[in-house]
Amino acid sequence: MRNSEIVKVLTSITQVFSLSLEGNLKPKYKYLVNELGNEVRSLTKYPMYLSLSLDQRIRPRHMFFGFL
């Protein structure tokens, strides 16, 4: 991601600053890129992804809709 894209994500969802890098952001990043096959730049389009719970919202929705 370019600096301008990072700034866009950080300013659109400021709660990112309160999230743990290792316990929250890194697992979501890995899931987004490795499991879903998305590019990290998709975060600039959907920054709210970072605010959702990986185990309670993201994974169950993808499993429900048959993405996995």
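This is a short tour of one protein chain, stop by stop, for use with the viewer open. The model is predicted.

**Stop 1: the whole chain**

Show the chain as a cartoon. Four helices and zero strands make up its secondary structure. Start at the N terminus and follow the elements: they read α-α-α-α. The radius of gyration is 12 Å, and the globule rule gives 11 Å for 68 residues, so the chain is as compact as a globular protein of that length.

Now turn the model around. Along the principal axes, the C-alpha atoms fill a box of roughly 35 × 20 × 20 Å.

Next, switch on the surface. About 5,000 Å² of the chain is exposed. Carbon and sulfur atoms supply 56% of that area. How much of the chain is buried? Buried residues account for 24% of the 68 residues.

Consider the contacts too. Take those between residues at least 6 apart in sequence: 55% of them join residues at least 24 apart.

**Stop 2: the charges**

Colour the charged side chains. The chain has 10 positive and 5 negative charges. The mean positions of these two groups lie 6 Å apart. How many salt bridges does a search of the whole structure find? It finds four. The next two stops visit some of them.

**Stop 3: Arg 2, Glu 5 and Arg 41**

Select Arg 2, Glu 5 and Arg 41 and show them as sticks. Salt bridges link these residues in a network.

Begin with Arg 2 and Glu 5. Their closest N and O atoms are 3.6 Å apart, and the pair forms a salt bridge. Is Glu 5 buried or exposed? Glu 5 counts as buried because its relative accessibility is 11%, and the limit for buried is under 20%. Arg 2 is partly exposed, at 49%.

Then move from Glu 5 to Arg 41. This is another salt bridge, with 3.7 Å between the closest N and O atoms. The pair links distant parts of the chain, 36 residues apart. Glu 5 sits in helix 1 (residues 3-12). Arg 41 lies in the loop between helix 2 (21-35) and helix 3 (42-45). Arg 41 is partly exposed, with 37% relative accessibility.

**Stop 4: Lys 26 and Glu 22**

Move to helix 2 and select Lys 26 and Glu 22. Their side chains meet in a salt bridge, 3.6 Å from N to O. How far apart are the two residues along helix 2? They are four residues apart, so about one helical turn separates Lys 26 from Glu 22. Check the surface here. Lys 26 is partly exposed, at 35% relative accessible area. Glu 22 counts as exposed, at 53%.

**Stop 5: Lys 28**

Stay in helix 2 and select Lys 28, which is found there. Lys 28 is buried, yet has no salt bridge. Which side chain of opposite charge is nearest to Lys 28? That is Asp 55, 9.8 Å away.

What does Lys 28 touch? Leave out residues up to four places away in sequence, and show the rest as sticks. They are Tyr 49, Leu 50, Ser 51, Leu 52, Leu 54 and Ile 58.

**Last look**

Zoom out with Lys 28 and Glu 5 still selected. Glu 5 is buried and forms salt bridges with Arg 2 and Arg 41. Lys 28 is buried and has no salt bridge.

Conventions
Residues numbered from 1 in each chain as written. Predicted model: local features only at pLDDT ≥ 70, side-chain atom pairs only at ≥ 80, totals over all residues. Heavy atoms only, no water. Buried < 20%, exposed > 50% of the residue type's maximum accessible area, 1.4 Å probe, protein only. Rg over C-alpha atoms; globule rule 2.2 N^0.38 Å. Contact = heavy atoms within 4.5 Å. Areas by Shrake-Rupley, 256 points an atom, 1.4 Å probe, with all protein chains shown as cover. Lys, Arg positive; Asp, Glu negative; His and termini not counted. Charge placed at Lys NZ, Arg CZ, Asp CG, Glu CD.
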